[in-house]
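User: I would like to learn how to read the features of a structure like this one. Please take them one at a time.

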Amino acid sequence: MNRPEAPPKKAPPEPSPERSDARAIVALAGPLLFTPPALALAQRDWSFFGIPTLVVYVFAAWLLGIVLTRAVNRRMRD
């Protein structure tokens with residue numbers, strides 16, 4: 001009962017430096033958007049359609065992080 005040998009697996013290609021830089025920028029920019037100074041900039045006395053600007057900022061920054069992460073990861077697969 002000899003099993004046939006599986007072909008050797010190829011190593012995934014190395015990402016280009018530009019793509020690695022994009023991943024680093026997204027990884028560092030995400031937490032920076034939620035630091036107290038950045039949140040203080042979003043704290044205003046007015047609201048956006050009845051929603052406080054801080055809440056709009058937090059969800060917009062969160063969505064931006066998700067979209068940028070997806071875009072960078074998609075480019076890395078191609």
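Analyst: The turns below go from the overall layout to single residues. This is a predicted model, in which local features need pLDDT of at least 70, side-chain atom pairs count only at pLDDT 80 or more, and totals for chains, interfaces and linings use all residues. Residues are numbered from 1 along each chain as its sequence is written, and side-chain values use heavy atoms, with hydrogens and water left out.

User: How many helices and strands are there in the chain?

Analyst: Helices (H or I, at least four residues) and strands (E, at least two) are DSSP runs, numbered from the N terminus. The chain has 3 helices and 2 strands, and from the N terminus on the order is α-α-β-β-α.

User: What percentage of the residues count as buried?

Analyst: Buried means under 20% relative accessible area, exposed over 50%, and partly exposed in between (1.4 Å probe, protein chains only). Here 9% of the 78 residues are buried. One of the buried residues is Thr-53, at 10%.

User: Where is Thr-53 found, and which residues does Thr-53 touch?

Analyst: Contact means heavy atoms within 4.5 Å. Thr-53 belongs to helix 3. Leaving out residues up to four places away in sequence, Thr-53 touches Ala-42, Gln-43, Arg-44, Trp-46 and Ser-47. With Ala-42 there is also a short distance to read: a polar atom of the Thr-53 side chain lies 2.7 Å from the backbone oxygen of Ala-42.

User: What share of the contacts joins residues 24 or more positions apart?

Analyst: Among contacts in the chain with a separation of 6 or more, 55% are between residues 24 or more positions apart. For a C-alpha distance across the sequence, take Ser-20 and Val-72: they are 52 residues apart along the chain, and their C-alpha atoms are separated by 9.1 Å. Ser-20 sits in helix 1 (residues 17–32) and is partly exposed, at 31% relative accessibility.

User: How is a pair of aromatic rings described?

Analyst: The description uses the distance of the centres and the angle of the planes. Rings of Phe, Tyr and Trp (its six-membered ring) pair if their centres lie within 6.5 Å; planes under 30 degrees apart count as stacked, over 60 as edge-to-face and the rest as tilted. The whole structure holds 2 aromatic pairs. For Phe-48 and Phe-49 the centres are 4.9 Å apart and the planes are at 75°, so this pair is edge-to-face. For Phe-59 and Trp-62 the centres are 5.8 Å apart and the planes are at 55°, so this pair is tilted. Phe-59 and Trp-62 are 3 residues apart in helix 3 (residues 53–77), which puts about one helical turn between them.

User: Is Phe-49 buried or exposed, and what is its phi?

Analyst: Phe-49 is exposed, at 77% relative accessibility, while Phe-48 is partly exposed, at 43%. Phe-49 lies in the loop between strand 1 (47–48) and strand 2 (51–52). The phi of Phe-49 is near 55°, a positive value in a residue other than glycine.

User: Which residues make the nonpolar surface patch?

Analyst: A patch takes residues with over 30% relative accessible area and no salt bridge (a side-chain nitrogen of Lys or Arg within 4 Å of a carboxyl oxygen of Asp or Glu); like charges are joined within 9 Å, nonpolar side chains (Val, Leu, Ile, Met, Phe, Trp, Tyr) within 5 Å. Phe-34, Ile-51, Val-55, Phe-59, Trp-62 and Ile-66 make a nonpolar patch of about 580 Å². Helix 3 gives the largest share, 4 residues. Ile-51 is in strand 2 and is partly exposed, at 39%. Accessible areas come from the Shrake-Rupley method with a 1.4 Å probe; for residues, only the protein chains shown count as cover.

Technical notes: Polar contact = N/O pair within 3.5 Å; in protein donor to acceptor, adjacent residues only side chain to side chain.
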